[in-house]
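Me: Hi! I'd like to go through this structure with you, one bit at a time. Can you start me off?

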Amino acid sequence: MNNPSMHRNVQLNSAGRLRHFLSTEGLSRSMLNEILDRAEAFLLPDQRIRHEPLLSGCTVMNLFFEASTRTRTTFEVAAKRLSADVVNIDISKSSTSKGESLRDMLWNLEAMTADIFVVRHSQSGAAHFIAEQVTPQVAVINAGDGQHAHPTQAMLDMLTIRRHAAEPFESLTVAIIGDIRHSRVARSNIHALRTLGVAAIHLIGPATLIPEELEELGVKIFHCIEDGLRGVDVIICLRIQNERMESVLIPSPEEFFSLYGLNERRLALARSGAIVMHPGPINRGVEIESAVADGPQSLILRQVNYGIAVRMAVLSMAYQGQREVQHG
Ligand code: NCD
């Protein structure tokens, strides 16, 4: 399961269309723009989302091996907006906990006429592994695998930036602050931002939380938040992922906040009107101060809303791509 990037072309069918959605890495700019355009077409005024029965007769199974509220719920809402039948499998009560192998469980779910598996798993590479096991009739969407990728979160972040940042992608400097080391969101965002051609990406945090090899991806690393935030157009805060830390990598939440927390004074160093994002769940007073999280530059709840449209886009594109495999 450990070398997910080896298998990146598994995502496309023989005509180059999306068939699984596992990672933003390896997808072209035009594919990312197609996802964003399609998502945008589902948006209605006042944060309402269009209903379009593109998945009528299709069964979407949510396989969440790891806890989630917003991602699982927005996938469910998205699938229902497309008129799919949605089944949420409670993994803690499923027979994998009785020793059944993952492969056997998948075959059984396929026999129950699953068309799409939405998968969240604590192991990096799990969604690729599942995509390789399933029959050609089934599409797999990665809803977050270990520290590797969270591509639908990245695409909803891209939609937020495209709709709300002051400039087009090519002119933007984007700062990502906090626990980059453990963040699948950061990795998927870096790949998407690079592919969409942003001017610069600043990674901000303590050395313990930013792997130096990320510099190979064309980012700049800053250990001083003030230096990293100066003049940026977009700020993405990340949660401190205590559950993924094997040793103590930050001194204390209070000290992290004093060194790297986003407060109004620091926000003022960014370009005026810079947008503030966070994938949630947020820890107030650890990575972000409430005045900023709830302030006029924050788009945190807007991101959740766009998550429905982006998930509708990806579900409908993968379903189409998977049917082309069967009929082509
Ligand atoms: C993120 C995740 O699960 O990776 N959350 C999310 O999907 N909304 C980020 C996090 O847990 O901090």
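Me: How many residue pairs are in polar contact across the interface of domain 1 and domain 2?
Reply: The rule finds 20 such pairs, both residues at pLDDT 80 or more. A polar contact is a pair of N or O atoms within 3.5 Å; within protein, one must be able to donate a hydrogen and the other to accept it, and residues adjacent in sequence count only if both atoms are side-chain atoms.

Me: Which element gives the most to domain 1's side?
Reply: Helix 1, with eight residues on the side that touches domain 2. Helices (H or I, at least four residues) are DSSP runs, numbered from the N terminus.

Me: Is this model predicted or not, and what should I keep in mind?
Reply: The model is predicted, so local features need pLDDT of at least 70, side-chain atom pairs count only at pLDDT 80 or more, and totals for chains, interfaces and linings use all residues. Residues are numbered from 1 along each chain as its sequence is written, and side-chain values use heavy atoms, leaving out hydrogens and water.

Me: Where do the domains run?
Reply: Domain 1 covers 8–150 + 306–326 and domain 2 covers 151–304, with bounds from an automatic or database domain assignment. Their centres, taken over C-alpha atoms, are 26 Å apart.

Me: How many salt bridges are there between them?
Reply: Four, each being a side-chain nitrogen of Lys or Arg within 4 Å of a carboxyl oxygen of Asp or Glu.

Me: And what is the closest N and O distance for Arg163 and Glu40?
Reply: That salt bridge has them 2.5 Å apart.

Note on methods: Helices (H or I, at least four residues) and strands (E, at least two) are DSSP runs, numbered from the N terminus.
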